[in-house]
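Student: I should like to take a close look at one part of this structure, with attention to its charged side chains and their surroundings. Could you please guide me through that part in one connected account?

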Amino acid sequence: MRAGDIAGHFKLTRPAISQHLRALADAKLIAERREGTSRFYRLRAEGFEALRGFLDEFWNDRLATLKFAVEEEAVRKRRGR
């Protein structure tokens, strides 16, 4: 999509949209192609694979920590503490 088309979906200024697009490009989540004065952006699937791997690991660690805490609390309640 062109940057202007993307901006049309949000209630942000065009400079704010440009900053977000730049951050996404820096993170390798989107790719930019220029044609004349237009900039076209597309998702980079490989960037999202890396992001998904990070989030999966993050949530697995956090859920394991939460599970441990809940189980410990259940043990304390059974013991009357």
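Tutor: Let us begin with a group of three residues: E32, R34 and R39 are linked in a network of salt bridges. Please keep in mind that the model is a predicted one. Within this group, the contact between R39 and E32 can be described in detail: it is a salt bridge in which the closest N and O atoms are 3.7 Å apart. That distance qualifies because a salt bridge requires the side-chain nitrogen of Lys or Arg to be within 4 Å of a carboxyl oxygen of Asp or Glu.

How exposed are the two partners? R39 has a relative accessible area of 37% and is partly exposed. E32, with a relative accessible area of 36%, is partly exposed as well.

The strands come next. Strand β1 covers residues 30–35 and strand β2 covers residues 38–43; the two run antiparallel and are joined by six bridges. One of the pairings concerns the network directly, for R34 has R39 as its bridge partner in β2. R34 and R39 are thus named twice in this account: as bridge partners and, together with E32, as members of the salt-bridge network.

The connection between the strands also deserves attention. β1 and β2 form a hairpin, with two residues between them. In the turn lies G36, which has a positive phi of about 60 degrees.

To place this part in its wider setting, consider the whole structure, in which a search finds eight salt bridges. Among them are contacts in helix α3, which spans residues 45–78. There, the side chains of R52 and D56 meet in a salt bridge, at 3.5 Å from N to O. R52 and D56 are four residues apart in this helix, and so are separated by about one helical turn. R52 is exposed, its relative accessible area being 57%, whereas D56 is partly exposed at 36% relative accessibility.

A further contact in helix α3 involves E71 and K67, whose closest N and O atoms are 3.0 Å apart in a salt bridge. These two residues likewise lie four residues apart, about one turn of the helix. E71 is partly exposed, with a relative accessible area of 38%, while K67 is exposed, with a value of 52%.

To return to the part you asked about: the hairpin is formed by β1 and β2, and the salt-bridge network links E32, R34 and R39.

How values were computed:
Residues are numbered from 1 along each chain as its sequence is written. This is a predicted model: local features need pLDDT of at least 70, side-chain atom pairs count only at pLDDT 80 or more; totals for chains, interfaces and linings use all residues. Side-chain values use heavy atoms; hydrogens and water are left out. Buried means under 20% relative accessible area, exposed over 50%, partly exposed in between (1.4 Å probe, protein chains only). Two strands pair if DSSP finds at least two bridges between them.
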